[in-house]
Amino acid sequence: MDIEIKNTLQRFLNLCDDMNERIFADGNGSLKNEVKDDLLYFLLYLSYSDKNVSDKEIECINYYFDEEYKESDQLFSAESKDRELSVPVSLTYFIKIDNDNYTEQEMVSTLTAEMIGLYKKLGMEIICSDRALVMTEFKDYEDYISMMETYASAYLKSGYEKDVYEERSVFSHDL
């Protein structure tokens, strides 16, 4: 487990609090909660790729989200095992924010790329947490990330190039 990734996640979630009003102007929603839920969905999707959530994977989720989940929690129920590949709702929100910045302020923002980068890092952490790389987990990771990048490429007005933003990352340096 990596403290840098944990700090990046926390800064991203704090940023969500700052941007909440842009997405939920009526105050009836939480961007932070949407992001957390979508990230947990992704991590569980990867965890169940090998049909078993290990103690190390639960420990990893607890570490990054400052939770105390147990295998017996509803989060890890039988219904949770039947996860499907779907675009995270929070990704559409960040695409909207990036597109608004691009059209209203003629500024290219990288929030969508930052979010996808966070998925990449957390996904690799969960896959590697139990020290056994199962090819189904890696394939599911690749499929999920590819789906997100394809969606971002299709809907971002400023364009999305997966490798371009990594060096300009808001979160690659301490804020």
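These are my notebook entries on helix packing, aromatic rings and a few single residues in a predicted model.

**Entry 1: helix 1 against helix 2**

I began with the N-terminal pair of helices, and I found that helix 1 (residues 3–23) packs on helix 2 (residues 31–47) at an angle of about 130°, with the two axes 7 Å apart. That angle makes helix 1 oblique to helix 2. I then listed who makes the contact: from helix 1 come L9, F12, L13, N14, C16, D17, M19, N20 and I23, and from helix 2 come L31, K32, V35, K36 and L39. Sorting the residues of this contact by character, I get 9 nonpolar, 2 polar and 3 charged.

**Entry 2: helix 3 and what covers it**

Next I asked which residues of helix 3 are buried. The list I obtained is E57, I58, C60, I61, N62, Y64 and F65. Looking for what covers these buried residues, I found that the cover includes helix 1, helix 2, helix 5 and helix 6.

I looked at E57 separately, since a glutamate appears in that list. E57 lies in helix 3, and its relative accessible area is 0%, so I record E57 as buried. Leaving aside residues up to four places away in sequence, E57 touches S47, N52, I126, S129, D130 and E137.

Where does the chain take a positive phi just after helix 3? The residue is D66, with a phi of about 50°, and D66 is a residue other than glycine. I place D66 in the loop between helix 3 (55–65) and helix 4 (89–105). With a relative accessibility of 51%, against a cut-off of over 50% for exposed, D66 counts as exposed.

**Entry 3: aromatic rings**

A search of the whole structure for aromatic pairs returned 9 of them. I describe each pair I looked up by the distance of the centres and the angle of the planes.

The rings of Y63 and Y64 have centres 4.9 Å apart and planes at 80°, so I note this pair as edge-to-face. How do the two residues stand in accessibility, buried or partly exposed? Y63 is partly exposed, at a relative accessible area of 24%, whereas Y64 is buried, at 3%. I also found a charge at Y63: the charged end of K6 sits over the Y63 ring, 4.4 Å from the ring centre.

For Y151 and Y155 I read a distance of 4.6 Å between ring centres and an angle of 40° between planes, so this pair is tilted. Both tyrosines belong to helix 6 (residues 135–155), and they lie 4 residues apart, about one turn of the helix. An α-helix has 3.6 residues a turn, so residues three or four places apart point the same way. Y151 is partly exposed at 24% relative accessibility, and Y155 also counts as partly exposed, at 48%.

I then checked for rings joined into a group, and ring pairs link F42, Y45, Y119 and Y144 into a cluster.

**Entry 4: C128**

My last look was at C128, which I found in helix 5 (residues 111–128). Its relative accessibility is 38%, so C128 counts as partly exposed. How far apart are the C-alpha atoms of C128 and F138? I read a separation of 9.6 Å, for two residues that are 10 residues apart along the chain.

How values were computed: Residues numbered from 1 in each chain as written. Predicted model: local features only at pLDDT ≥ 70, side-chain atom pairs only at ≥ 80, totals over all residues. Heavy atoms only, no water. Axes fitted to C-alpha atoms, helices over the stretch in contact; angles between N-to-C directions. Helix = DSSP H or I, 4+ residues; strand = E, 2+ residues; numbered from the N terminus. Parallel < 35°, antiparallel > 145°, perpendicular 65-115°, else oblique. Contact = heavy atoms within 4.5 Å. Nonpolar A, V, L, I, M, F, W, Y, C, P; charged D, E, K, R; others polar. Phe/Tyr/Trp six-rings, centres within 6.5 Å; stacked < 30°, edge-to-face > 60°. Buried < 20%, exposed > 50% of the residue type's maximum accessible area, 1.4 Å probe, protein only. Lys NZ or Arg CZ within 6 Å of the ring centre and 35° of its normal.
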